[in-house]
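Hi,

Here is the structure I said I'd pass on. Have a look at it first, and then read my notes below.

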Amino acid sequence: MSDRTWQNDMGGGGSRSESAPSQVEVSIDQATGGRLLNFRSGPTLIAEQTGRSRWGTLLLAYKTLGVVFGGLVTSPLYVYPSMPLKSPTEDDYLGIYSIMFWTLSLIGVVKYCYIALKADDQGEGGTFALYSLLCRNMNVGILNSKCVDTNLSYSMNTQPGVTEKKTGLVKFLEGSIVARRILLFIAMLGMCMLIGDGILTPAISVLSAMDGVRAPFPSVSKTLVEALSAIVLIVLFFLQKFGTSKVSFLFSPIMGAWTLSTPLVGIYSIIKHYPGIFTALSPVYIIHYFIRNGKDGWLSLGGMVLCITGSEALFADLGHFNRSSIQLAFLFTIYPSLVLTYAGQTAYLIKNPLDHDDGFYKFIPKSIYWPMFLVATLAAIVASQSLISATFSVIKQSVVLDYFPRVKVVHTSSSKEGEVYSPEINFILMVLCVSVILVFGDGKDIGNAFGVVVSLVMLITTILLTLVMITIWQMPTALVALYFMVFFTIEGIYVSAVLTKIQEGGWIPFAISFILAFIMFGWFYGRQRKVEYELTNKINIESLGILLSDPGVQRVPGLCFFYTNIQDGLTPILGHYIKNMRSLHRVTIFTTLRYLMVPKVALHERIVVRKLGLDGIYACVIQYGYADSLNLEGNELVSQVTRCLQDHIASPSEFEPPSDPQELELEVSIIEQAKCQGVVHVRGKTRFYVGNNCGLFDKVVLLFYEVLHSNCRSALPAMRVPLPQRIEVGMLYEA
């Protein structure tokens, strides 16, 4: 990759900690002739080494209890009350327990713990990460601006595990625009449903836990329980700004107590009420259950599916932890806890079938009722954290890939890039969660909505995982078919059952998903049209030379970072700027912030600089993946790019023609002088001109995009460029 390396210590260059200076490595990219700047951060390396160690994995596994598994391990609070059972018998309960056991074993252990976690996109998980993984390894992306250039190291053929041989499915997906759009729609739907999960999980978890206060105090009204639940959720969302690590460290002891106490109560209940409960592990009980109950048995699946709720967070929260820690915590704590807890609940209900609709607390012995109520309430709060964290992750992924309007994303950890928090999204989630509780306070209605989200997200993950197995892993057809038939059948049956609950609360996630999908599509379509306009009307180097040769155009002192969205040419805003301002700075660096379809860009490929063949005109590409933090900010950005540029000029690569050393020295000094004379950052503020010649579809969607664009954050404030250094150039694009 590189034929020359230079290292030096820089006080602030990319360092994440004052106590550990960064190393800066500069190398030459033979493919582009550009200079690459590499930042190696001490704390990051230490964190990676800790993550690989045994104790580091155990510590992360402990922290996962407070973030990843909250929704899954607290599901016993609301599963049985969500089932519409009519006079259930002993055999019915044994059949129900058998269904839940095999659902947890197949979907939880086999699908998510062993298969999905291995389909991570360089450490990131979730449905959108699966879509990104497919886009990186196949030409199935939609946005031109997000396509990966072949002259960079992110070409598809360099990806591990990918061969040059293309299967028939790959050729079909790459050749069909309809198939690519359907794939994007599936990924968007999965993301929208996961966000819906992040809204409903806190609502149903906290509401179900707080409802326990009504058992010893029947006079407590339902309205008071809903109000208390809303207050608890507001406090929870307020804590999000402290970051996943601090929240998980605070919450993990609570969830650990819940995870250990509920199976102990379950064992007590098994011994006291029905010691033979584990005979239900035989799948024969499932067959007998459906034979006896027919349609009613099928409808009851709408409540049973909640036993696996939160399993998608196991995959989506992967970026906050790692595969080993999640697998360790699930297999040795969460899974055994759920199996024993549900066994104890079922054993109790076999002897007390009339208590079926009274919830989790009837199953608790009176002597420990209040301690368990306190732990359950705290655990329900923790349960909300898993999907809240997952929501932050998928929003961040979609924002940096330009599928969602820009919102503020804060990295809350100095060593874990995946730990993020968004104030705007946090506020919206809080408002929606509280609204769901206050407007749809009936736990059964929320449970019906919850079942729709859980089952559809699982089904979408199964479809995307199947594509990964075929196109990327290239597994034997028989194994892929077995996987798809088993899980698509199981989850398809669950989906068919929950869709009957549309009128009973199941419409809630569809309404949420429709709104989110409309926002995503409107933003996506507007960004695509802008990119197409810029590529069609771009300015090449020859045209720029003609503009600068005009005697009326002056080269003013100073250094200018001119931001552009395209690399193969220059933004049309440049021509608009020069024609109206009649000037251009002595040193101008056309800068592109380029987000690739990868979670993380290799550090030595972060910054690429090159000459453009005109006096004082250069190009710079800053490359980031959707899981990278944009740690080049303000004056730090100026210092690092100019240092890289000066070194590139002083030590040209073998692919560049030889130059006079005195001319090179003068060019380097001009850049330093320009930086001292003043730095400005110029970006375009473009809008669509929607005229009468536009169709109705374009008018509606593009006007909606303009509303979104006017109210979202710009790219420059995310880099903390000082306000006096920012210039925005307005321009209308004809739609």
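**What I found**

The buried residues of helix α22 pack against two elements, α17 (507-536) and β10 (679-689). Before going on with that helix, please keep in mind that this is a predicted model.

So what does α22 look like? The helix covers residues 696-711, which makes 16 residues, and the distance from its first C-alpha to its last is 23 Å, close to the 22 Å expected at 1.5 Å a residue. Its buried residues are Asp698, Val701, Leu702, Tyr705, Glu706, Leu708 and His709. Because they span an arc of only 165° around the axis, they sit on the same side of α22. In general, an α-helix has 3.6 residues a turn, so residues three or four places apart point the same way. Over on the other side of α22 you'll find Leu696, Ser710 and Asn711, which are exposed.

Another spot to look at is serine 176, in the loop between α6 (168-175) and α7 (177-210). Is serine 176 buried or exposed? With a relative accessible area of 17%, serine 176 falls under the 20% cut-off, so it counts as buried. A polar atom of its side chain lies 3.1 Å from the backbone nitrogen of alanine 179.

Now for the chain as a whole. It has 735 residues, and 58% of them are buried. I get 22 helices and 11 strands. If you take the contacts between residues at least 6 apart in sequence, 82% of them join residues at least 24 apart. The chain exposes about 29,500 Å², and carbon and sulfur atoms supply 61% of that area.

How far can you trust it? The mean pLDDT of the chain is 79, with 82% of the residues at 70 or more. Confidence is highest in helix α4 (residues 90-115), at a mean of 94, and lowest in strand β1 (residues 6-10), at 29. Residues 1-51 have a pLDDT below 50, and that stretch makes 134 contacts in the model beyond its near neighbours in sequence. Residues 143-163 are also below 50, with 49 contacts of that kind. Where pLDDT is low, the predicted coordinates should not be read in detail.

Cheers

Key:
Residues are numbered from 1 along each chain as its sequence is written. This is a predicted model: local features need pLDDT of at least 70, side-chain atom pairs count only at pLDDT 80 or more; totals for chains, interfaces and linings use all residues. Side-chain values use heavy atoms; hydrogens and water are left out. pLDDT is the predictor's confidence in each residue, from 0 to 100. Helices (H or I, at least four residues) and strands (E, at least two) are DSSP runs, numbered from the N terminus. Contact means heavy atoms within 4.5 Å. Buried means under 20% relative accessible area, exposed over 50%, partly exposed in between (1.4 Å probe, protein chains only). Accessible areas come from the Shrake-Rupley method with a 1.4 Å probe; for residues, only the protein chains shown count as cover. The expected span of a helix is 1.5 Å times one less than its number of residues. The arc is that of the directions from the helix axis to the C-beta atoms. A polar contact is a pair of N or O atoms within 3.5 Å; within protein, one must be able to donate a hydrogen and the other to accept it, and residues adjacent in sequence count only if both atoms are side-chain atoms.
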